[in-house]
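Me: I have a model open and I'd like to understand the labels people attach to its parts. Could you take me through the reasoning behind them?

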Amino acid sequence: LYLDDHDGTYLPSGNGTGVDQDRANYQMKGPGWLQMLQPYARTYALQGCPSSDYKMGYGYNRTHQNHPDYGVSDLVTTSDITDSSGTILFGDAAWVDRNGKEYHWSYQYMGPSPFVNAWPGQMANRHQGGGNLLFADAHVKWMKKAMTWRSRTDNLWDRR
């Protein structure tokens, strides 16, 4: 529904701190994805994984200024994604420190593991060593983190 109402444009990639998207550096200055989904979901309960100890637990595969081919934002439309069944949109997420330790508190964004310095939000392994992922074609699949990244050109995080 959201994509239909926004001409195939994906949700914003930011955290809702201002008025509009800064297209030069992919920093959001308006409402974040959670706020943008409220007219459709009518609850903030969708943000929380029942298996997480915190009220949030899902992350959005967002575009990052240093890795513009990865993730989605309101600069990306459905036609920009060449493999919708192989592109992650949302999933179980956690904050990961530089040593790889996961902290399962609230985290709204996630990205590929090799870019931990750019994306401290990572896919969480809270479900029997894996996580649930929502793909751009709307299917959901449980996967291990290692299955989402084989190389820079063979992964489920970019839009190519």
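Reply: Happy to; below we go through the labels one at a time, keeping in mind that this is a predicted model.

Me: Let's begin with the whole chain. How many helices and strands does the protein chain have, and in what order do they run?

Reply: The protein chain has 2 helices and 9 strands. Read from the N terminus, the order is α-α-β-β-β-β-β-β-β-β-β. Buried residues account for 48% of its 160 residues. The accessible surface is about 8200 Å², and carbon and sulfur atoms hold 49% of that.

Me: What share of the contacts between residues at least 6 apart in sequence joins residues at least 24 apart?

Reply: That share is 55%.

Me: Now single residues. Why is Ser-52 called buried?

Reply: Its relative accessible area is 11%. Buried means under 20%, so Ser-52 earns the label. You will find Ser-52 in the loop between H2 and strand S1 (58–61).

Me: Which residue is 74 residues from Ser-52 in sequence, and how far apart are the two in space?

Reply: That is Arg-126, with a C-alpha to C-alpha distance of 7.7 Å from Ser-52.

Me: Arg-126 carries a charge in the classes used here. What makes Arg-126 buried or exposed?

Reply: The number decides: Arg-126 has a relative accessible area of 15%. The cut-off for buried is under 20%, so Arg-126 is buried. Arg-126 sits in the loop between S5 and S6.

Me: Which backbone oxygen does the side chain of Arg-126 reach, and what makes that a polar contact?

Reply: The side chain of Arg-126 reaches the backbone oxygen of Ala-93 at 2.8 Å. A polar contact needs N or O atoms within 3.5 Å, so the pair of Arg-126 and Ala-93 qualifies at that distance.

Me: Gln-128 is found in the loop between strand S5 (121–123) and S6 as well. How do you know whether Gln-128 is buried or exposed?

Reply: Gln-128 has 77% relative accessibility. Exposed means over 50%, so Gln-128 counts as exposed. Gln-128 also has a positive phi of about 50 degrees, although it is not a glycine.

Me: Where does Asp-7 lie, and what is its phi?

Reply: Asp-7 lies in the loop between H1 and H2. Its phi is positive, about 55 degrees, although Asp-7 is not a glycine.

Me: And why is Asp-7 called exposed?

Reply: With a relative accessible area of 71%, Asp-7 is over the 50% cut-off, so exposed is the right word for Asp-7.

Me: What about Asp-158: how do you know that it counts as buried?

Reply: Asp-158 has 4% relative accessibility. That is under 20%, so Asp-158 counts as buried. Asp-158 is in the segment after strand S9 (154–155). Leaving aside residues up to four places away in sequence, Asp-158 touches Asp-69, Tyr-70, Thr-87 and Arg-152.

Me: Why is Arg-150 called partly exposed?

Reply: Arg-150 has a relative accessible area of 46%. Partly exposed covers the range between the 20% and 50% cut-offs, so Arg-150 fits there. Arg-150 belongs to strand S8 (residues 149–151). Not counting residues up to four places away in sequence, Arg-150 touches Asn-155 and Leu-156. A polar atom of the Arg-150 side chain also lies 2.5 Å from the backbone oxygen of Met-147.

Me: On to the pockets. How much space lies in the largest pocket, and which residues are closest to its centre?

Reply: About 310 Å³ of space lies in the largest pocket. Of its 16 lining residues, Tyr-2, Leu-3, Leu-89, Phe-90 and Leu-134 are the closest to the centre. H1 gives the most to this lining, with 3 residues.

Me: How do the lining residues of the largest pocket divide by class?

Reply: They divide into 14 nonpolar, no polar and 2 charged.

Me: What is the volume of the second largest pocket, and which element gives the largest share of its lining?

Reply: The second largest pocket has a volume of about 200 Å³. S6 gives the largest share of its lining, 3 residues. Among the lining residues are Trp-33, Tyr-58, Gly-91 and Asn-132.

Me: And what makes Gly-91 polar in that lining?

Reply: The classes used here place Gly among the polar residues, so Gly-91 is polar by that rule. By class, the lining of the second largest pocket has 8 nonpolar, 3 polar and no charged residues.

Note on methods:
Residues numbered from 1 in each chain as written. Predicted model: local features only at pLDDT ≥ 70, side-chain atom pairs only at ≥ 80, totals over all residues. Heavy atoms only, no water. 1 Å grid on protein atoms, 1.4 Å probe; cavity = no way out; pocket = protein on both sides within 12 Å on 5 of 7 lines; lining within 4 Å. Points joined across faces, edges and corners; volume = space filled by probe spheres on them. Helix = DSSP H or I, 4+ residues; strand = E, 2+ residues; numbered from the N terminus. Buried < 20%, exposed > 50% of the residue type's maximum accessible area, 1.4 Å probe, protein only. Contact = heavy atoms within 4.5 Å. Areas by Shrake-Rupley, 256 points an atom, 1.4 Å probe, with all protein chains shown as cover. Polar contact = N/O pair within 3.5 Å; in protein donor to acceptor, adjacent residues only side chain to side chain.
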